[in-house]
Structure formats: structure tokens, C-alpha cells
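Student: Could we go through this protein together, one question at a time?
Tutor: Happily! Open it up and we will begin.

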Amino acid sequence: MLKKLYPLFVAALCPSVWAFAGESATKDIAVKPFTASYSIIHKDDPVGTASRQLSYQDDGSARYSYSTDIEWLIFSDTRKESSIVQLKDNKVIPKHYKYDREGTGRNKHYEWQYDVAGNSAFDVKEQQAIKADFSQNLQDPLSYHLQNRLNLLAHPEQKHFVYPVIKSSGKIKNYVYQYDGEEELLLPYGIIKTVKFKREVVDKKRITYAWFAPELDYLLVKLFQVKAGVKQFEAQLTELKVDGKVVTASLPSNEKQPH
């Protein structure tokens, strides 16, 4: 059961994209280098950890990465994703994407290089190029998360996001996220106010909920997925470092329960 459910969770926590259709802002919004750590929970029990990181390189590009490590009964799963991107006019421009999965079942590896100016994508594994229209801010399977933060920072009032994403198969798919209210959460990290979004895939009877914290520049702090009414996986923020320094919640979790 876990083996079947986990890929769905990864697709949710590290999945799709949110895009803003308006004009680009004239001033870039800066997202500082960070490392966010999460606990992955299945049936109310911790089964693994996840980490999301952003760093800047000497050539001006950014490296955005995500990894998970899960152990549950006889099941094991380790995944690593990374995107090399350029940031310009509050847009994330994907350059290189890499994905590796090891553990129970078949190992997987994908690697893509993107030529945004030439509207093409090169599949390194298969050694073939395909045409891809990057004019609509097309993202890779990971970079859209960073684009989402920039969009929320620039337009926190926006309630609807659609992101075109080029999948590891080379196919392009739109992901639609809808505002679903505000909540104050009690997390291992502490108590924090959030805005909540959801993505519903009707044909698969799957809904993904994601919570972002405005006071943490709209960092993803919690996520869980429901399929056919059954809760599958949940991720909760446990620790955050920004510019190498630990950032603590304004209200520790042991001081007050959320209303």
C-alpha cells in the first residue's frame, strides 16, 4: 500500500506549478538561501524526512533542490531532485533538471537540459531533443515551487494559480491551485499563521492541500494528500535555516495551542 501511495505524495509535495499571468514586476523579489526540513507522516506515524534547499552559485544562477528519505516496515525510498535556474524579472527560468530515485522497487533517473531561447528541451538520458514553448513561463517538475513563492510574494491577494510544467516524460501538463482559506497551524516547527491552497484531480479522486506561511516569505510549511476520502501522506516543517541561521517560530509550539 505504501509503495503505491508514496509516488502520489512526492508528486504533490514536489509537483506541479503556479504561475501569474500579469505583467512582471520591475523590481526582483529576493528569496534568501535557505534549508527547510520536514517530517513525513503516514497514518499518524513519522516514516521519514524531507529537505528543501535554495543556494546561489558564482555564475549568478540558483540551485533549488529537494530530497526525501523514507523507511517504513520493509519499504524504503530515497529521492533527490535538483534544478539549476536563472531568476529574472521575478520569473524562474529553468536550465537543468535532475531526478534520482533508489529503494524498494525499480530505481529511476531523469535528466533534462533546457534551451529557453531556442524553445527546446534535451533529454540527457535518451539523448534526444524535443520542442517546448517557454513563452508562458514553462517550468520543470521542481522549479515551479520557487516560481510559486515569487508569485505569492509579489501578489499575495491572488487566489488562483495555473502552472504549465514539462514533466520528466517530456509531456506538458497544467496544474491548477485554488485558495482555500487561512489557518493557524501547530507544527513541530512551532505555531504559525498560513494561507491554504488546494489542487483537485477529479478523475483520480485526489486532492492535495498545501499551507504557506506569509511570515516566512510563503515557504511551504505543511502538505497532505487525500485520495477517495482517505488521507495518505503528510509533511510538516520541523526546522528552517535562512542564510545559514536557524529561524524560530514567533510562538513556540509548547507555549500556546492554535485556536
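Tutor: Keep in mind that this is a predicted model. Let us start with a charged pair: the side chains of Arg79 and Asp77 meet in a salt bridge, with N to O at 2.7 Å.

Student: Are Arg79 and Asp77 buried or exposed?
Tutor: Good thing to check for a charged pair. The cut-off for buried is under 20% relative accessible area. Arg79 and Asp77 are both buried.

Student: Which salt bridge joins Asp77 to Arg101, and how far apart are N and O?
Tutor: Here the side chains of the two residues meet directly. Arg101 is buried, and so is Asp77. The N to O distance in their salt bridge is 3.0 Å.

Student: Why does the pair of Asp77 and Arg101 tie together parts that are apart in sequence?
Tutor: Look at where each residue lies. Asp77 belongs to strand S4 (residues 75–88) and Arg101 to strand S5 (residues 91–103), so the pair ties together parts whose separation in sequence is 24 residues.

Student: Which residues are linked in a network of salt bridges?
Tutor: We have met the links already. Asp77 meets Arg79 in a salt bridge, and Asp77 also meets Arg101 in one. The network therefore consists of Asp77, Arg79 and Arg101.

Student: Which residue forms a salt bridge with Lys196, and how far apart are the closest N and O atoms?
Tutor: The partner is Asp180. Lys196 is buried, at 11% relative accessible area, whereas Asp180 is partly exposed, at 31%. The closest N and O atoms are 3.5 Å apart.

Student: How many salt bridges does the count come to?
Tutor: We have looked at some of them, including the one between Lys196 and Asp180. The full count comes to five.

Student: Let us turn to rings. How many aromatic pairs does the structure hold?
Tutor: That total covers the whole structure, and we will look at examples next. The number of aromatic pairs is 11.

Student: What kind of pair do Tyr179 and Phe197 make?
Tutor: Their ring centres lie 5.9 Å apart, and their planes are at 80 degrees. Planes over 60 degrees apart count as edge-to-face. So the pair of Tyr179 and Phe197 is edge-to-face.

Student: Is Phe197 buried or exposed?
Tutor: Phe197 has a relative accessible area of 1%. Its ring partner Tyr179 is partly exposed, at 25%. Phe197, by contrast, is buried.

Student: Which residues form one aromatic cluster?
Tutor: Tyr179 and Phe197 are both in it. The full cluster is Tyr144, Phe161, Tyr163, Tyr179, Phe197 and Phe212.

Student: Which residue has its charged end over the ring of Tyr179?
Tutor: The charged end sits 3.9 Å from the centre of that ring. The residue is Lys159.

Student: Now the strands. Which residues make up the covered face of strand S7?
Tutor: S7 spans residues 120–123. Ser120 and Phe122 are on the uncovered face. The covered face is made up of Ala121 and Asp123.

Student: How many bridges join strand S6 to S7?
Tutor: These strands run antiparallel, and they form a hairpin with four residues between them. In S7, Ser120 is the bridge partner of Asp115. The number of bridges joining S6 to S7 is four.

Student: Which residue in S8 stands opposite Asp123?
Tutor: S7 and strand S8 (residues 128–131) run antiparallel, joined by four bridges. The residue opposite Asp123 is Gln128.

Definitions and conventions:
Residues numbered from 1 in each chain as written. Predicted model: local features only at pLDDT ≥ 70, side-chain atom pairs only at ≥ 80, totals over all residues. Heavy atoms only, no water. Buried < 20%, exposed > 50% of the residue type's maximum accessible area, 1.4 Å probe, protein only. Helix = DSSP H or I, 4+ residues; strand = E, 2+ residues; numbered from the N terminus. Pairing = 2+ DSSP bridges. Salt bridge = Lys/Arg side-chain N within 4 Å of Asp/Glu carboxyl O. Phe/Tyr/Trp six-rings, centres within 6.5 Å; stacked < 30°, edge-to-face > 60°. Lys NZ or Arg CZ within 6 Å of the ring centre and 35° of its normal.
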